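Dear colleague,

Please find below the structure for your records. My notes on the two ligands follow it.

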Amino acid sequence: MVDILLGLQWGDEGKGKIVDVLAPEYDVVARFQGGPNAGHTLEFDGFKHVLHQIPSGVFRTDCINVIGNGVVLDPVIFKKEIEGLAKFPIDVRKNLVISKKTAIIIPSHRLLDAAQEQAKGDSKIGSTLKGIGPTYSDKVSRHGLRLGDILSENFKSKYQALVERHKQMLNFLNYEYDLTEAEGIFFEACEFIKGFVISETEYLINKKLTEGKSVLAEGAQGSLLDIDFGSYPFVTSSNTTAAGVCSGLGVAPGKIGEVYGIFKAYCTRVGSGPFPTELMEETGEAMRKEGNEFGSTTGRARRCGWLDIPALKYAVMLNGATQLIMMKVDVLNIFEEIKICTKYQLPDGSVTDEMPFDLTDTKVEPIYITMKGWNKSLKGISDYNDLPQEVKDYILFIEAEVGVPITFVSTGPDRTSTIKR
Ligand code: GDP
Ligand code: IMO
Ligand code: MG
């Protein structure tokens, strides 16, 4: 079966950590969407490592890691990432496979991302500027390049045709650029990638499934950044929800097993866009400090706020989450009281627990309940029963609201700070 692990909020829920924890139970770990906009942090044996393009099962030597067709891949970032892995006792040329159909990010995609954000002015998305939107746009408009193209004799001419289009768009946007240096680095990275297994990964994955092997699909970003269901237009350019797995890896819906939905015990968001429970004052600042909430990809400060149940319920519904994983509960140690938003009040005074069509023009007022905090350290606790009663009450409350069991609780960034219930 293909199990899925994906974020239920605005990304950075702790997917990298949990994929690394679960990976020993799987034969294959596969990324199905997103690209180097992702930053997945793993901590073990005193190491901290951030992955952008490479699946988070890479440190588990028995695991095959797949970069699926639904991903967008920047060869330059990929090369850097592989070089960064050289100090670990793993052989990525053996346990990593990339789909021939993976879309490639070329240097002018990054320029276009920057030019389009600049043109948007105050309404900019807050993109990571990795070229994600322009690359997916080219894929959908049927102008894009795929990894298999770098193996073809006429790759340079295909590349040139695409760059010419981009130059026209950049000129139209009055964006100044110089591509010479970036192009050299790009073509060098394309040569480097040829040393890896590049194949039709849909066959690989389906053969594994036929042999009874297990696959874990690793989501990037989060459900509230989904192109269809997120807070549009402040979203990323792919389907981050469970449906993206079928198209992003080439597996049939009937092959999907468990859907692990992962969320922080509070909320964060990086970049622009609506965030109903955002805390603008000291409480938000305290959360950011305690949770070290700075972007793994861009270093930007993450906006922080209380847990948002209407948003969580929406994400659970869209994904058909069968189990929940609650992260960073230790960050709430510092609070005497903890708030949870259970409903929204709409501008007309009515109350709802559903996500409105739009959250930018429709200003919702969160309705909170307050719970007693535990106000003590959770360090060293490895058994659910040893957690303070207030933590258990927090977990039970969320489960009752959302209707799905919380099966893992994470109390620290390290692999070992994970409590299975
Ligand atoms: P991802 O994008 O979903 O993989 O998440 P990120 O790696 O971007 O952000 C999660 C951050 O929280 C990383 O710095 C992790 O090391 C850290 N982290 C993960 N789980 C926990 C936890 O339970 N407690 C604390 N304090 N930090 C955690
Ligand atoms: P992981 O996988 C958090 C956000 C950006 C921006 C919007 C669009 O680490 O959870 P894009 O670069 O895709 O054009 O940016 O989405 N964003 C993320 N926020 N975690 C991520 O990935 C993100 N990837 C993109 O900040 O608001
Ligand atoms: Mg991240």
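Helix H1 (15-22) and strand E3 (40-44) each contribute at least two residues to the shell around ligand 1. Please bear in mind that this is a predicted model.

The shell of ligand 1 numbers 20 residues, of which Lys-15, Thr-41, Ser-296, Asp-330 and Ser-410 come nearest. By class, three of the shell residues are nonpolar, nine polar and eight charged. Oxygen atoms of ligand 1 take part in several polar contacts: a polar side-chain atom of Ser-410 lies 2.5 Å from one such oxygen, a backbone N or O atom of Gly-14 lies 2.8 Å from an oxygen of the ligand, and a polar side-chain atom of Lys-328 is found at 2.9 Å from an oxygen. On its own, ligand 1 exposes 590 Å², and the protein buries 94% of that area. Ligand 1 occupies the second largest pocket.

Ligand 2, by contrast, sits in the largest pocket. Around ligand 2 there are 21 residues, and those that come nearest are Asp-12, Lys-15, His-40, Thr-128 and Thr-236. Lys-15 is thus listed among the nearest residues for both ligands. A polar side-chain atom of Lys-15 lies 2.7 Å from an oxygen atom of ligand 2. For Asn-37, the distance from a polar side-chain atom to an oxygen atom of ligand 2 is 2.9 Å, and for Arg-300 the corresponding value is 2.9 Å. The protein covers 97% of the 560 Å² of accessible area that ligand 2 has alone. The shell of ligand 2 comprises eight nonpolar, ten polar and three charged residues.

With kind regards

Notes:
Residues numbered from 1 in each chain as written. Chains lettered and ligands numbered in written order. Predicted model: local features only at pLDDT ≥ 70, side-chain atom pairs only at ≥ 80, totals over all residues. Heavy atoms only, no water. Near = heavy atom within 4 Å. Polar contact = N/O pair within 3.5 Å; in protein donor to acceptor, adjacent residues only side chain to side chain. Areas by Shrake-Rupley, 256 points an atom, 1.4 Å probe, with all protein chains shown as cover. 1 Å grid on protein atoms, 1.4 Å probe; cavity = no way out; pocket = protein on both sides within 12 Å on 5 of 7 lines; lining within 4 Å. Sits in = over half its atoms within 2 Å of the grid points. Nonpolar A, V, L, I, M, F, W, Y, C, P; charged D, E, K, R; others polar. Helix = DSSP H or I, 4+ residues; strand = E, 2+ residues; numbered from the N terminus.
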